[in-house]
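This report introduces the salt bridges of one protein structure to a reader who has not met it before. Please keep the sequence and the 3D view at hand while reading.

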Amino acid sequence: MGLLIKNGEIVTAADRFVADLYCDGGKVVAIGESLEKRGARDEVLDASGQFVFPGFIDPHVHMELPFMGTVSADDFASGMASGIAGGTTCIIDFCIPARGESLLEGLKTWRERSRKAVADYSYHMAITGWGDKTAEEMRLVVQEHGITSFKVFMAYKGAIMVDDGELYQVMKQAAKLGAVVMVHAENGEAVYALQKELVAAGMLGPEYHPVSRPSAVEGEATERALMMAALHGTRAYIVHMTCKESVQALERAKLRGQKCYGETCPQYLLLDDTVFTKPDFEGAAYVMSPPIRPPHLGHHDALWTGLTSGMLDSIGTDHCPFTMEQKRMGKDNFTLIPNGAAGIEDRLQLLYTYGVCEGRFDMQRMVALGSTNPARIFGLYPRKGVVAVGSDADLVLYDPTSEGVRSAKTHHSKCDRNIFEGFKVRGKPTCVVVNGRVQFRDGKLDVERGAGRFIKREVTKSGAPHAAGAAAAGRTG
């Protein structure tokens with residue numbers, strides 16, 4: 001059964017035009033004027049007055065992640081369903097083996113967790129230490145399992161943090177493989193020392209979380225990570241950037257001609273550190289790392305400017321929700337509060353409202369930041385990230401005339417808090433199409449547990465990863 005979408009304004013990273021779309025077999029097969037049904041059972045959607053975006057891609061999520069003594073509240077079914085309701089049709093999760101665990105064993109664990117996925121997905125592979133087998137396992141991960149990006153944490157000392165020697169080896173091997181290295185950039189030694197000092201002084205509330213991780217430790221680590229990448233010619237991607245020091249480090253590297261990328265998240269654009277002082281421990285809902293920054297030091301302006309100027313390349317969410325009950329694990333010590341929050345469902349509406357409607361960037365740039373650029377950087381393009389003949393029929397119909405409010409009462413995540421509670425938004429997804437089938441319509445989800453496909457990626461001779469060709473792209477590993 002085909003799907004015909006009529007009269008919508010298609011918006012890609014490069015164009016805006018009114019046209020019809022015909023989808024069949026999970027692909028876009030025709031774009032043009034006055035298209036007609038090809039079969040009696042074809043479904044027709046009237047998109048008059050609406051935008052048609054490529055499905056958004058979230059390159060930074062943590063579904064069902066064991067972390068800090070608990071497990072993130074959304075799994076690959078509930079978290080991805082929440083994403084679909086917000087216009088996200090594909091995610092890249094992080095396979096994070098424990099320190100000392102084989103990368104391949106960690107991959108088995110994540111494959112089992114993701115069997116319940118309701119939309120397409122891929123992985124980044126985290127490197128949490130360096131051993132005799134790590135280099136060879138990295139090769140296998142790229143060449144046999146189709147995972148062309150790695151993640152390192154420069155923070156969380158004593159758990160998943162890598163030291164400089166390990167970071168050097170990861171960058172070196174990734175360069176040989178043509179893979180991207182994603183970096184959580186914070187000086188973990190400084191954070192660890194600051195946390196100990198604050199706890200010893202009896203400063204234990206969530207308001208001391210940002211004090212333990214000032215912007216300087218993020219800026220320094222970003223500079224160091226980019227230096228390590230430059231030594232080997234590795235393409236580095238700095239995740240969840242929050243501050244001007246980090247943006248400035250990335251800008252210097254790009255102006256030197258270094259191939260590197262930067263990501264930020266809506267919470268760092270729209271919230272400030274006053275959230276940590278909310279009464280009754282509610283500030284814990286906002287505890288994440290790096291932390292939300294002060295409003296008066298230029299961090300927000302640096303991030304917005306980086307997005308509009310092209311210095312920042314993408315907007316993820318770092319969706320890693322924990323309920324308030326889970327957050328209370330750290331009620332007597334902020335260092336024990338599980339780090340993370342929900343956000344996958346909020347991203348598109350927030351970017352449209354506070355990015356496009358407030359004149360910070362246009363819709364094409366929004367599509368680039370939330371869909372096309374992640375697809376290009378991580379090897380999903382042109383299968384994902386664009387509305388084009390031959391691409392996957394992952395599409396979002398967006399009504400710009402709607403108005404609403406973000407709230408935990410109406411979102412689809414299992415998290416009982418929404419860090420954007422009360423934020424007014426303009427526009428909303430009315431229909432979300434995943435692989436050619438409408439899975440969200442007029443506020444109601446119709447997802448299929450287990451229908452998601454793992455997407456293998458390849459590395460070109462030039463070192464730029466890309467999705468496998470049309471015939472191979474649908475393979476699962």
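The sections below describe salt bridges in this model, which is predicted.

## Overall count

The count of salt bridges in the model comes to 31. Several pairs are described individually below, followed by a network.

## K157 and E189

K157 and E189 form a salt bridge in which the closest N and O atoms are 2.9 Å apart. This pair links distant parts of the chain, with the two positions 32 residues apart in numbering. K157 lies in the loop between β11 (149-153) and α4 (164-177), while E189 belongs to helix α5 (residues 188-200).

Partly exposed residues have a relative accessible area between 20% and 50%. K157 is therefore partly exposed, at 39% relative accessibility, and E189 is likewise partly exposed because its relative accessible area is 43%.

## R252 and E223

A second salt bridge joins the side chains of R252 and E223, at 2.4 Å from N to O. Here two helices are connected: R252 is in α7 (residues 244-255) and E223 is in α6 (residues 215-232). The partners are 29 residues apart, and the pair links distant parts of the chain.

R252 counts as partly exposed because its relative accessibility is 40%. E223, at 28% relative accessibility, is also partly exposed.

## D332 and K331, and a shared network

D332 and K331 form a salt bridge as well, with the closest N and O atoms 3.0 Å apart. Both of these residues are exposed.

Elsewhere, salt bridges that share partners join K27, D120, R383, K384, D392, D394 and R453 into one network.

Definitions and conventions. Residues are numbered from 1 along each chain as its sequence is written. This is a predicted model: local features need pLDDT of at least 70, side-chain atom pairs count only at pLDDT 80 or more; totals for chains, interfaces and linings use all residues. Side-chain values use heavy atoms; hydrogens and water are left out. A salt bridge is a side-chain nitrogen of Lys or Arg within 4 Å of a carboxyl oxygen of Asp or Glu. Helices (H or I, at least four residues) and strands (E, at least two) are DSSP runs, numbered from the N terminus. Buried means under 20% relative accessible area, exposed over 50%, partly exposed in between (1.4 Å probe, protein chains only).
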